[in-house]
Amino acid sequence: MRLFRRDRADRRPGKTPQDADKLALRRLKMVGADLSLPRHVIHFLLFESESDARAAAATIDAGGAWTTHVDAPSETLEEWSVRVDGHRIVGAETVAAFRAQFVQIARAHNGEY
């Protein structure tokens with residue numbers, strides 16, 4: 001299954017998704033971002049099948065807090081993708097909560113966050 005092979009291959013030893021989240025927050029602070037203000041946040045979930053992608057998008061849409069867009073595979077991406085957009089305040093707690101939410105939804109629909 002290419003979806004999961006790519007995930008393992010892209011990770012550097014010792015780097016976790018949580019480490020990447022911390023790094024992103026540090027970089028935002030370094031460039032002077034005010035983390036007390038909402039900002040445009042984008043998440044991606046990947047699926048092998050259109051039906052799983054659309055089911056995940058429907059689950060997210062049902063919450064009413066995010067906007068979703070489903071994209072078919074392309075020359076640059078072999079899987080179906082769900083792009084999730086919203087304006088949120090980002091910080092260590094919120095980023096961890098976003099990750100937990102979208103990991104759970106992706107797994108429930110045979111995908112990955």
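Hi everyone, let's start in the sheet: strands β1, residues 39-47, and β3, residues 80-88, run antiparallel and are joined by nine bridges. Please keep in mind as we go that this is a predicted model. Within that part of the sheet, Phe44 has Arg83 of β3 standing opposite.

Now let's step back to the whole sheet. What is the order of its strands? Reading across, we get β2-β3-β1-β4, so to speak an open sheet of four strands with antiparallel pairing. The edges belong to β2, at 67-71, and β4, at 111-112, and each of those two pairs on one side only.

On to the helices. Helix α4 covers residues 92-108 and lies across β1, β3 and β4. Relative to β1, α4 runs at about 25°.

Then there is α2, residues 17-30, which meets α4. The axes of these two helices come within 10 Å, and they cross at roughly 140°. Why call α2 oblique to α4? Angles over 145 degrees would count as roughly antiparallel, and the crossing is at roughly 140°, so α2 is oblique to α4. As for handedness, α2 passes α4 in a right-handed crossing.

Which residues make that contact? From α2 we have Pro17, Gln18, Asp21 and Leu25, and they meet Ala92, Val95 and Arg99 of α4. Sorted by class, this contact between α2 and α4 holds four nonpolar residues, one polar and two charged.

That's my tour, thanks for listening, and I'm happy to go back to any part of it on the screen.

Technical notes
Residues numbered from 1 in each chain as written. Predicted model: local features only at pLDDT ≥ 70, side-chain atom pairs only at ≥ 80, totals over all residues. Heavy atoms only, no water. Pairing = 2+ DSSP bridges. Contact = heavy atoms within 4.5 Å. Axes fitted to C-alpha atoms, helices over the stretch in contact; angles between N-to-C directions. Parallel < 35°, antiparallel > 145°, perpendicular 65-115°, else oblique. Left-handed = near helix turned anticlockwise from the far one by under 90°. Nonpolar A, V, L, I, M, F, W, Y, C, P; charged D, E, K, R; others polar.
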